[in-house]
Amino acid sequence: MPAFETHLFVCCNQRPAGHPRGCCDATGSEVLHKALKQAAVSRGLGPRVRVNKAGCLDQCELGPTVVIYPQGVWYGGVRPDDAEEIIERTVIGGETIARLQIPDAALNNRSLREMNPSDRATAVNSMKPQA
């Protein structure tokens, strides 16, 4: 079997309700993982693309998070209805989706943890390249 060309790691970490960092899969239903997997399979990518469940990717405040390799693209705030677009534009097309991308400056940025969600969203958006 040939090596996978692309790996998508989907955070399925769970924490108790009300945890200050939040969690990427609060319901435990793995809906995002299932949606991405189905989008890849429906395009016949199964043998070349692997969609894996992951434990905590440590970007909790920016989640739900997905990281795609070998591109090294980190996406945050991903919803199940983003799955088709991620497979089509990023996995197949090689394009980064700006509205989902976690900017490099935001990755592992501990100061974001102290912000309320509204201020955090503003700070992250200010780190994204302007179109």
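How many cavities of 30 Å³ or more does a search of the whole structure find? The search finds one. Keep in mind as you explore that this is a predicted model. Below we look at two helices, one strand residue, and the spaces inside and at the surface of the model.

**Helix H2**

- Helix H2 runs through residues 83-92, and its buried residues are Ala83, Ile86, Ile87, Thr90 and Val91.
- Those buried residues sit on the same side of H2, because they cover an arc of only 115° around the axis.
- Several elements help to cover the buried residues of H2, including strand S1 (6-11), helix H1 (31-42), strand S2 (49-54), S3 and strand S4 (73-75).
- Just after H2 comes Gly94, with a positive phi of about 75°.

**Helix H3**

- In helix H3, which spans residues 117-127, the buried residues are Arg120, Ala123 and Val124.
- Looking down the axis of H3, you would find its buried residues within an arc of 95°, so they line one face of the helix.
- Now turn to the other side of H3: Thr122 and Ser126 are exposed there.

**Val66 in strand S3**

- Val66 belongs to strand S3, which covers residues 66-69.
- Is Val66 buried or exposed? Val66 counts as buried because its relative accessibility is 0%, and the cut-off for buried is under 20%.
- Here is a nice example of folding bringing distant parts of a chain together: Val66 and Cys11 are 55 residues apart in sequence, yet their C-alpha atoms are 6.3 Å apart in space.
- If you set aside its neighbours within four places in sequence, Val66 is in contact with Leu8, Phe9, Val10, Leu32, Leu36, Val73, Trp74, Tyr75 and Val78.

**The cavity**

- The volume of the largest cavity is about 60 Å³.
- Its lining is made up of Arg21, Asp58, Gln59, Glu61, Leu62, Ala106, Asn108, Asn109, Arg110, Leu112 and Arg113.
- Sorted by character, the residues lining the largest cavity are three nonpolar, three polar and five charged.

**The largest pocket**

- The largest pocket has a volume of about 250 Å³.
- This pocket is lined by 16 residues, and the closest to its centre are Leu62, Gly76, Gly77, Ala121 and Val124.
- Seven of the residues lining the largest pocket are nonpolar, five are polar and four are charged.
- You have met two of these names already: Leu62 also lines the largest cavity, and Val124 is one of the buried residues of H3.

Definitions and conventions: Residues are numbered from 1 along each chain as its sequence is written. This is a predicted model: local features need pLDDT of at least 70, side-chain atom pairs count only at pLDDT 80 or more; totals for chains, interfaces and linings use all residues. Side-chain values use heavy atoms; hydrogens and water are left out. Buried means under 20% relative accessible area, exposed over 50%, partly exposed in between (1.4 Å probe, protein chains only). Helices (H or I, at least four residues) and strands (E, at least two) are DSSP runs, numbered from the N terminus. The arc is that of the directions from the helix axis to the C-beta atoms. Contact means heavy atoms within 4.5 Å. On a 1 Å grid over the protein atoms alone, a cavity is a set of points where a 1.4 Å probe fits but cannot get out, and a pocket is an open set with protein on both sides within 12 Å along at least five of seven lines; lining residues have an atom within 4 Å of a point. Grid points are joined across faces, edges and corners, and a volume is the space filled by probe spheres set on the points. Ala, Val, Leu, Ile, Met, Phe, Trp, Tyr, Cys and Pro count as nonpolar, Asp, Glu, Lys and Arg as charged, and the others, Gly among them, as polar.
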